[in-house]
Amino acid sequence: MTLDLWAKVASVVSSSLAVAGAAVAVHRHLRRPGWAATLTGLWEREADAGVVHPHRFGEQVRPLSDVYVPRRVAPRLGRPEETVDAGQLFSGAGHVLLVGEPGSGKTTLVAYESARSAERWLRSRGHRWRRPRGPVLVRLPAAALVRHALPDALAATYGEPPDFRRTPPGVRWLVCVDGVDAVADPDERSDVLNRLAAAGRSPAPPYRILVTTRPLDANELATLGADYPAYQLAPFTRADVTALARRWFPDHDEAQGFLAWTHTQRITNPVRNPLIATVAALVWRDRRDDPVGPPGPAALLDNFVRALLRGGRGHLDATCAALRDHPPEGPAVADWLAGRHTELVEVAATAAVAGTDPVAAVAEWTATHAPHPPARQLADWPQRIRDLLLATDLFRADRHALVPVWPSLVDHLAAGPLTRQLSPDGWMSLMNTTRSPFVGAHVFQRAGVPPALLRSRLVEPGWAVAAGQLLVTTGTLWSTDDPGLRADVLAALLAHWAADPTGDTGRTCRSLLSTLAADRADRDLLIEIGADGSRPRATRLAVTRFFRADRDAPSVARHL
């Protein structure tokens, strides 16, 4: 055998031994008490969470794993036909930004994929060559990043070990930062976005980051930059709604009855939103023989909330009974509290939307409005409030605070007092000043503001901005029989921007247009406005100016 051949053989043997040694080292690292052993409990919790629906709603709710409909996403500048399986975002390369309208299922998607990942890792325990492909997925609420770097927030949430500053051999962390929009304070939200942007610029991070949020201002999302390619969570298609109906109601006739009912309730378009679709299935199963109320998603959510409160009524009754055991003031407080279950959760919801403690808000409200402060009768009053809110299934315990199970339901509840108090002009002011325009969108739905009124006021800058905020925040939740209204809102924003491009109103209109134009459908609508000879010349020129200032101008200008 020649020396050259011996050298090749030695090279092959050396390489094989190196690979085998690396495999043994990885296996020993995975088997030793360390990051994998620490995460076993987490994986077990995540796997269990993947089959439990967040709302009990009596005994009627099927496991989430039984009714889950696979989701699709599209690049934010893509077309509907360009959608891909949402699961690809969890197994790809690089960081990702996932944007979805309220109730679109962002948190549920993350929970579902986390459960699938956890199940794969649990199945691999004790099997040397069956370690799953893909990353180790961990979830982190965006609020945990306020004033904390990403590794510190992870360590505070999950403890040490594991060390999230280091990459485990042969795998990679996937950190799903959920709910940037839930950080109510604008300065704190800016802090979170800047921390994520800094993490995204890291030259060799030990993790990928997937960020989820409801629609935010284009300037806020721009903070993340090119390091976070943006995707839009696609709404349900008709086929998806049909699939959901068949999973909720395996009997064919029952499923068809549900689908027919959605037409009767005029929610055919709103049920493309997964939250509304799920609520509709629950309400229909609970009250299929009774009228739900006025057609539309607002009445649907009202019925759902009432059902949740019925389910948690036992805790309220027990609290009232405890108050009656403390005369002379307790019985009067019990009588007052017994009729204010909805009002109590509305107060809690308003606090949650504002980013404050729901329990503290209810305690202050009862101390101020009850005939006598309940805390004088019940020493454990804050704990009883906490139990009352948890019993509704509207809130869940998250470390030291209560947070909404479904933020859109809490927005709906927070809109209740405002709906009863506001005039149309008050609604316009709310949309222009509130820290959460999502609440204002629910006020619009609950108050039944006529689209004709909205169109007639678009010549006023404040109303045009309010309508633009409505488009940003609602998506498929805003169902109207006036299909041209969306184009008229976009045209009004263009007109007000063109009239005062450097003023406060003009800059706001420009920001809203940029936010909306991230969606391909609205970009196409803007192009149609620019080519519509019936529109004022200034409006059509504004379309051209808008796209010229846009970084995609060369590809869009060809269509103008």
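**Exercise 1.** Determine where T262 lies and what its side chain reaches.

*Solution.* T262 lies in helix α10, residues 252-264, where helices are DSSP runs of H or I with at least four residues, numbered from the N terminus. The model is predicted, so local features need pLDDT of at least 70 and side-chain atom pairs count only at pLDDT 80 or more, while totals for chains, interfaces and linings use all residues. Residues are numbered from 1 along each chain as its sequence is written, and side-chain values use heavy atoms, with hydrogens and water left out. Next, T262 has a relative accessible area of 2% and is therefore buried (under 20% relative accessible area, with a 1.4 Å probe and protein chains only). Its side chain reaches the backbone oxygen of L259 at 2.5 Å.

**Exercise 2.** Establish whether D522 is buried or exposed, and find the partner of its side chain.

*Solution.* D522 is placed in helix α25, residues 520-531, and its relative accessibility of 3% makes D522 count as buried. The side chain of D522 then makes a polar contact with the side chain of R486 at 2.8 Å (a pair of N or O atoms within 3.5 Å, one able to donate a hydrogen and the other to accept it; residues adjacent in sequence count only if both atoms are side-chain atoms).

**Exercise 3.** Work out how the buried residues of α7 are arranged.

*Solution.* The buried residues of α7 include R189, V192, L193 and L196. Viewed down the axis of α7, its buried residues fall within an arc of 160 degrees, so they line one face of the helix; the arc is that of the directions from the helix axis to the C-beta atoms.

Methods
Helices (H or I, at least four residues) and strands (E, at least two) are DSSP runs, numbered from the N terminus. Buried means under 20% relative accessible area, exposed over 50%, partly exposed in between (1.4 Å probe, protein chains only).
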